[in-house]
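Here's a quick briefing for anyone opening this structure cold. Take a look at the model, then read on for its aromatic rings and how far to trust the prediction.

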Amino acid sequence: MKRTVAVLLAVISALSLAACGSKTQVNNTGSGDTDNSLQTVLERGTLRAGAEGNWNPFVYNDLATGNLVGYEVEIVEEIAKRMGVKVEWSIANQWDGVIAGLQANRYDVVFCGCTLANLEAAPDCVGTIPYREDPIVLVTAEDNNEIKSWEDLKGKLSANALTGDYGAIAKQYGAELTNASLEQAMELIVQHRVDCSVNSQIAINTYMAEKPDTPVKVAAKYEYPTPEEAYSYGMILKSKVTLTEKINEILQEMLDDGYCRDLAVKYFGQDVADNISLYQK
């Protein structure tokens, strides 16, 4: 698997560093200063992380305790633990603006199911090595007989973040967007105020397990053009080379020692974890 991840990292680097003119990227202020991004985090004692909340089972608040929990949350918490620092979270109500916060250096990393499309849209950012996969589905009202495939989306209204990857897929097939989180999207579908929503199959499965009487259905499953597009990556400013290298080193350890897979079993279930290619040795 190490060779596979190395190849993927090379692909991500090519996408994100094409304009750099060098494989080694540093914080260049024009005075010859070297990159000190990792040292800054270590001295500060915190890794600042950004994400969208209300996205169960990835990033959400536990109803009983109010604590921030989820697969992405525990990934970042474990990275920070292995670095010897704490996590300082910045959680947004919606996806729009999360990457802008990273670009403004309000936090060091974004872990929230980021994709190759997100990386391509942010040329000043670089991706970590992949750590999970994200099957995507098209959801409609249970009594909707008009949408049976992705090709049926032309002229329809989809409830999705305006700048997210899921919304981009809906637009690719001719749908218009109205801004909504997953919770809002399900409500709008049930009320027949929108036609559909595109989201993670894992998130939809979790939502339906908690609210099994919601009258919605999966109309179609998305087929990725390439395997790499199914993977999720952390995002970091590409000037922060030493921090990126350290996080990649730790993520590789977490893949090799089974931490990521065990976490997938905890949040997604055994069947889903067994079908994630990154976890198969």
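Let's start with Phe58, which is buried at a relative accessible area of 0% (buried means under 20%, exposed over 50% and partly exposed in between, with a 1.4 Å probe and protein chains only). Keep in mind that this is a predicted model, where local features need pLDDT of at least 70, side-chain atom pairs count only at pLDDT 80 or more, and totals for chains, interfaces and linings use all residues. Residues are numbered from 1 along each chain as its sequence is written, and side-chain values use heavy atoms, with hydrogens and water left out.

**Around Phe58**
- Trp55 is buried too, at 6% relative accessibility.
- Ring pairs (Phe, Tyr or Trp rings, the six-membered one for Trp, with centres within 6.5 Å) join Trp55, Phe58, Tyr71, Phe111, Tyr131 and Phe268 into a cluster.

**Another ring pair**
- Trp150 and Tyr222 have ring centres 5.6 Å apart and planes at 75 degrees, so they meet edge-to-face (over 60 degrees; under 30 is stacked, the rest tilted).
- Trp150 is buried at 6% relative accessibility, and Tyr222 is buried at 9%.

**A charge over a ring**
- Arg82 sits over the face of Tyr259, 5.7 Å from the ring centre (the rule: NZ of Lys or CZ of Arg within 6 Å of the centre and within 35 degrees of the ring normal).

**Confidence**
- The chain's mean pLDDT (the predictor's confidence in each residue, from 0 to 100) is 89, and 88% of its residues reach 70 or more.
- Over residues 1–32, pLDDT is below 50.
- Where pLDDT is low, don't read the predicted coordinates in detail.

How values were computed:
Contact means heavy atoms within 4.5 Å.
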